[in-house]
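Dear colleague,

I am passing on the structure we spoke about, and below it you will find what I was able to read from it. Please look it over alongside the sequence when you have a moment.

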Amino acid sequence: MEKVYIKSPDFVQRDIAGECVLVPIRRKLSDPPCIYVLNETGAALWRRIDGARTVQDIVTDFCEEYDGQPDQVMKDFVTLMDDLLSINAIQERSVVADA
């Protein structure tokens with residue numbers, strides 16, 4: 001089983017003054033008002049999340065474009081996914097790998 005991530009429809013992404021900003025559009029009254037700003041690496045990884053590409057596909061694609069070290073990019077990606085899951089900006093889904 002592999003994982004894919006799906007962006008939540010409860011968030012929109014905007015590019016503002018060169019920054020990638022995630023804005024929650026549906027919230028509970030008890031949620032604190034906030035927006036989330038992704039750094040350059042986080043924004044590049046966020047843009048690759050499409051609900052179809054696996055984690056490995058995203059990391060490989062990123063490393064090819066930015067000449068990144070796969071182990072470090074995987075670590076950064078996992079950290080980003082944990083953060084995005086904690087604010088419900090993404091959902092995780094397991095998929096069966098192609099044989």
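To begin with the helices, α2 and α3 are oblique to each other, since their axes, which come within 10 Å, cross at roughly 125°, and that angle falls in none of the ranges that count as roughly parallel, roughly antiparallel or roughly perpendicular. Please keep in mind throughout that this is a predicted model. Helix α3 covers residues 70-86, and its crossing with α2 is right-handed. On the α2 side the contact is made by V55, Q56, I58, V59, F62 and C63, which meet P70, V73, M74 and F77 of α3. Sorted by class, the residues of this contact of α2 with α3 comprise nine nonpolar and one polar, with no charged residue among them.

Helix α2, which spans residues 55-66, also packs against α1, residues 40-48, where the two axes come within 10 Å and cross at roughly 130°. That angle makes α1 oblique to α2, and the crossing of α1 and α2 is right-handed. Here T41, A44, L45 and R48 of α1 are in contact with a set of α2 residues made up of I58, D61, F62, E65 and Y66. By class, the contact of α1 with α2 holds five nonpolar residues, one polar residue and three charged ones.

Turning to the cysteines, which may matter to you at the bench, a search of the whole structure finds zero disulfides. For C20, the closest cysteine sulfur is that of C34, and because it lies 15 Å away, it is too far for a bond. The closest cysteine sulfur to that of C63 belongs to C20, at 19 Å, which is likewise too far for a bond. C20 counts as buried because its relative accessibility is 2%, and C63, with a relative accessible area of 12%, is buried too, the cut-off for buried being under 20%.

Finally, a word on I35, which sits in the loop between β3 (19-24) and β4 (36-38). I35 counts as exposed because its relative accessibility is 51%, the cut-off for exposed being over 50%. Leaving aside residues up to four places away in sequence, I35 touches V21, L22, V23 and P24. The C-alpha atoms of I35 and P70, which are 35 residues apart along the chain, are separated by 29 Å.

With best regards

Notes:
Residues are numbered from 1 along each chain as its sequence is written. This is a predicted model: local features need pLDDT of at least 70, side-chain atom pairs count only at pLDDT 80 or more; totals for chains, interfaces and linings use all residues. Side-chain values use heavy atoms; hydrogens and water are left out. Axes are lines fitted to C-alpha atoms, for helices over the stretch in contact, and angles run from 0 to 180 degrees between N-to-C directions. Helices (H or I, at least four residues) and strands (E, at least two) are DSSP runs, numbered from the N terminus. Angles under 35 degrees count as roughly parallel, over 145 as roughly antiparallel, 65 to 115 as roughly perpendicular and the rest as oblique. A crossing is left-handed if the near helix is turned anticlockwise from the far one by less than a right angle, and right-handed if clockwise. Contact means heavy atoms within 4.5 Å. Ala, Val, Leu, Ile, Met, Phe, Trp, Tyr, Cys and Pro count as nonpolar, Asp, Glu, Lys and Arg as charged, and the others, Gly among them, as polar. Buried means under 20% relative accessible area, exposed over 50%, partly exposed in between (1.4 Å probe, protein chains only). A disulfide is a pair of cysteine sulfur atoms within 2.5 Å.
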